[in-house]
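This briefing concerns the protein shown below. It proceeds from the residue level to the overall fold.

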Amino acid sequence: METCKISNLYTLTETIAIELFQKVTYPWEILPQIGSFICELGKRLDMEKFEQHGENIWIAKSAKVAPTASINGPVIIDEEAEIRHCAFIRGNAIVGKGTVVGNSTELKNVILFNKVQVPHYNYVGDSILGYKSHMGAGSITSNVKSDKTLVVVKNGKEEISTGLKKFGAMLGDEVEVGCNSVLNPGTVIGRQTNIYPLSMVRGVVSKHSIYKNKNEIIEKIKL
């Protein structure tokens with residue numbers, strides 16, 4: 001599945017976690033490693049740019065964090081990030097440079113690349129969001145199947161067994177997810193694809209696409 005490879009989804013220079021991605025082929029392979037990687041990387045951060053706040057919580061001095069936000073480690077919040085009112089970071093989270101985590105947004109076991117926006121009432125769990133990707137208000141990642149079986153990534157007749165019970169969505173660079181959409185477990189969305197509002201997405205969506213529904217996915221017109 002070429003679409004699902006890290007090299008086809010992400011600009012690795014746009015995350016502080018670049019070395020973690022260089023060790024594997026598919027992004028979901030790093031989900032079980034996020035927490036331990038943060039704990040190791042945190043000890044190597046430039047403390048002229050970062051401050052440690054409690055156990056395994058590193059926040060850049062230039063980041064803006066609302067006093068009402070709840071942050072549990074392990075966490076790294078990179079430079080110029082903004083954590084807004086009542087955001088809830090449950091742990092195992094890397095928040096990239098210039099990223100916005102908005103009001104009542106919840107993060108758990110995630111990597112958000114630089115300039116990501118999850119600004120309004122989003123749940124992002126066991127997921128990776130690429131550079132400048134954006135989730136509209138109320139859009140969420142569903143990270144556990146209703147029957148609790150292991151997640152399989154499906155692209156037509158192709159399948160990859162992940163061995164993971166918890167796996168939300170992999171969003172490539174500059175993906176736009178419309179308001180109140182649900183990304184089901186094992187969703188992978190290629191670079192620069194737009195998801196219509198109120199969509200229920202499952203499986204692999206190609207890059208440079210417009211997803212209207214599962215039966216209507218069109219390629220973007222190149223201007």
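In this predicted model, His208 counts as partly exposed, because its relative accessibility of 27% falls between the limits of 20% for buried and 50% for exposed. The points below begin with His208 and its neighbour in sequence, then turn to other backbone features, the core and the overall dimensions.

**His208 and Ser209**
- His208 is located in the loop between strand S23 (204-205) and S24.
- Phi of His208 is positive, near 55°, although the residue is not a glycine.
- Ser209 belongs to strand S24, which covers residues 209-213.
- Ser209 has a relative accessibility of 6% and therefore counts as buried, whereas His208 is partly exposed.
- Neighbours within four places in sequence aside, the contacts of Ser209 are Gln192, Thr193, Asn194, Ile217, Ile218, Glu219 and Lys220.

**Other backbone features**
- Most residues other than glycine have a negative phi, and most peptide bonds are trans.
- Asn109, a residue other than glycine, has a positive phi of about 55°.
- Strand S10 (residues 106-112) contains Asn109.
- Asn109 counts as buried because its relative accessible area is 8%, under the 20% limit.
- A cis peptide bond, with omega near 0°, links Gly73 to Pro74.
- Pro74 sits in the loop between strand S4 (70-71) and strand S5 (75-77).

**Nonpolar core**
- The largest nonpolar core comprises 67 residues.
- Phe21, Trp28, Ile77 and Ile111 are the residues with the most contacts inside this core.
- Trp28, leaving aside its neighbours within four places in sequence, is in contact with Cys4, Val153, Ile160, Thr162, Leu164, Phe167, Met170 and Val188.

**Overall fold and dimensions**
- The protein contains three helices and 25 strands.
- The radius of gyration is 16 Å, which agrees with the value near 17 Å for a compact globule of 223 residues.
- Along the principal axes, the C-alpha atoms fill a box of roughly 50 × 40 × 30 Å.
- Of the contacts with a separation of 6 or more, 31% are accounted for by residues 24 or more positions apart.

**Surface and charge**
- Of the 223 residues, 50% are buried.
- The accessible surface comes to about 10300 Å², and carbon and sulfur atoms account for 49% of this area.
- The protein has 26 positive and 23 negative charges, and the mean positions of these two groups are 5 Å apart.

Key: Residues numbered from 1 in each chain as written. Predicted model: local features only at pLDDT ≥ 70, side-chain atom pairs only at ≥ 80, totals over all residues. Heavy atoms only, no water. Core = buried A, V, L, I, M, F, W, Y, C linked by side-chain atoms within 4.5 Å. Buried < 20%, exposed > 50% of the residue type's maximum accessible area, 1.4 Å probe, protein only. Contact = heavy atoms within 4.5 Å. Helix = DSSP H or I, 4+ residues; strand = E, 2+ residues; numbered from the N terminus. Rg over C-alpha atoms; globule rule 2.2 N^0.38 Å. Areas by Shrake-Rupley, 256 points an atom, 1.4 Å probe, with all protein chains shown as cover. Lys, Arg positive; Asp, Glu negative; His and termini not counted. Charge placed at Lys NZ, Arg CZ, Asp CG, Glu CD.
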